[in-house]
Amino acid sequence: MRDDLETAAPLVRLCNIIVRAGETTILDGVSVALHRGAPTALIGPNGSGKTTLLRAIMGLVEPSSGQIASEDATRAIVFQKPVMLRRTVAGNVAFGLAAAGYPAERSAIAALLDQVGLLSLADRPARRLSGGEQQRLAIARALARRPRLLLLDEATASLDPAQTKIVEDLIAAIANAGTKIIFATHDLGQARRLAGDVVFLVKGRVVEHATAASFFTRPESGAARRFLAGDLVL
């Protein structure tokens, strides 16, 4: 970890996390401290362990060894291809509120849909939304949990540039309102636009963790320099 990162107590600390699936090691001794503030981007080649790391932080994957320590923070996760329930847009948010233990009141549903720009589509079947609209609805459903930590796995990977911009603006607004966001992305431009710090993974290992400004202008590792230059990192 670079000295130019925060030194305050982290929101999440991973200590020597190892995740195996049979004979395959997916995460190999990951140790990293993630702080409040601007979003953290997880980047790296395909198969580097980004999704598994998000799932481990969320508690969906049990590490084979190691420890994840965090504040008692409510968490939510949004996947690249979210599942839409067979109900209206409003009904999906109502489900999210109820699942989180909050009353599914009309005012709460409207507030969440307004936050993601879908209030006018409240009565539309969720499965008839466009890809970008479905992604925003998934974010609204996640926000129904009132998370302090929001995890996003390639949230714009399947979207066109216009929809990507809408979702990125939403991510920035959520972060500015105080929710910590950790997002995996293959889009280096997106990481530059949104991230305060970058965790660079290769083969399940953290090769570099630095502020975004430092990582993109003066990466320390040869692997990071090759990756940023567009070369293959194996």
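The following legends describe close-up views of a predicted model of one protein chain.

**Figure 1. Overall view of the protein chain, with eight helices and nine strands.** The C-alpha atoms fill a box of roughly 50 × 35 × 35 Å along the principal axes. A compact globule with 234 residues would have a radius of gyration near 17 Å, and the value of 18 Å for this chain agrees with that expectation. Of the 234 residues, 50% count as buried. Among contacts in the chain with a separation of 6 or more, 68% are made by residues 24 or more positions apart.

**Figure 2. The largest pocket, with a volume of about 320 Å³.** Its lining is made up of 16 residues. Those that lie nearest the centre of the pocket are Ile 77, Ala 138, Arg 141, Ala 142 and Arg 145. Three elements each give two or more residues to this lining: strand β5 (75-78), helix α2 (89-99) and helix α4 (131-143). Sorted by class, the lining has 13 nonpolar residues, one polar residue and two charged residues.

**Figure 3. Helix α2 and the elements that cover it.** Helix α2 gives two or more residues to the lining of the largest pocket, and this helix is mostly covered, with eight of its eleven residues buried. The buried residues begin with the run Val 89, Ala 90, Gly 91, Asn 92, Val 93 and Ala 94, and the list is completed by Gly 96 and Leu 97. What covers these residues includes helix α3 (106-115) and helix α4. Following the helix comes Gly 101, a residue with a positive phi, near 90°.

**Figure 4. The largest cavity, holding about 40 Å³ of space.** The model has one cavity of 30 Å³ or more. Which residues line the largest cavity? The lining consists of Leu 152, Asp 153, Glu 154, Ala 155, Thr 156, Ile 171, Phe 183, Ala 184 and Gln 190. Strands β6 (149-153) and β7 (180-184) each supply at least two of these residues. By class, the lining divides into five nonpolar, two polar and two charged residues.

**Figure 5. Thr 156, a residue in the lining of the largest cavity.** Thr 156 is located in the loop between strand β6 and helix α5. Is this residue buried or exposed? Thr 156 has a relative accessibility of 8% and therefore counts as buried, the cut-off being under 20%. When neighbours within four places in sequence are left aside, Thr 156 is in contact with Thr 164, Val 167 and Gln 190. Of these partners, Gln 190 also belongs to the lining of the largest cavity.

**Figure 6. The salt bridge between Asp 28 and Arg 205.** The structure holds four salt bridges, and in this one the closest N and O atoms are 2.9 Å apart. The pair links distant parts of the chain, with the two positions 177 residues apart in numbering. Asp 28 lies in strand β2 (residues 24-34), whereas Arg 205 lies in strand β9 (residues 205-211). Both partners are partly exposed: Asp 28 has a relative accessible area of 27%, and Arg 205 has a relative accessibility of 49%.

**Figure 7. The salt bridge between Lys 165 and Asp 169 in helix α5.** The two side chains meet with an N to O distance of 2.7 Å. Why are Lys 165 and Asp 169 separated by about one helical turn? The reason is that they are four residues apart in helix α5 (residues 161-176). An α-helix has 3.6 residues a turn, so residues three or four places apart point the same way. Lys 165 is partly exposed at 47% relative accessibility, and Asp 169 is partly exposed at 39%.

**Figure 8. A network of salt bridges that links Glu 168, Asp 187 and Arg 193.** Within this network, Arg 193 forms a salt bridge with Asp 187, and the closest N and O atoms of that pair are 3.8 Å apart. Is Arg 193 buried or exposed? Arg 193 is exposed, with a relative accessible area of 53%. Asp 187, by contrast, is partly exposed, with a relative accessible area of 27%.

Definitions and conventions: Residues are numbered from 1 along each chain as its sequence is written. This is a predicted model: local features need pLDDT of at least 70, side-chain atom pairs count only at pLDDT 80 or more; totals for chains, interfaces and linings use all residues. Side-chain values use heavy atoms; hydrogens and water are left out. On a 1 Å grid over the protein atoms alone, a cavity is a set of points where a 1.4 Å probe fits but cannot get out, and a pocket is an open set with protein on both sides within 12 Å along at least five of seven lines; lining residues have an atom within 4 Å of a point. Grid points are joined across faces, edges and corners, and a volume is the space filled by probe spheres set on the points. Ala, Val, Leu, Ile, Met, Phe, Trp, Tyr, Cys and Pro count as nonpolar, Asp, Glu, Lys and Arg as charged, and the others, Gly among them, as polar. Buried means under 20% relative accessible area, exposed over 50%, partly exposed in between (1.4 Å probe, protein chains only). The radius of gyration is taken over C-alpha atoms; the globule rule is 2.2 Å times the number of residues to the power 0.38. Contact means heavy atoms within 4.5 Å.
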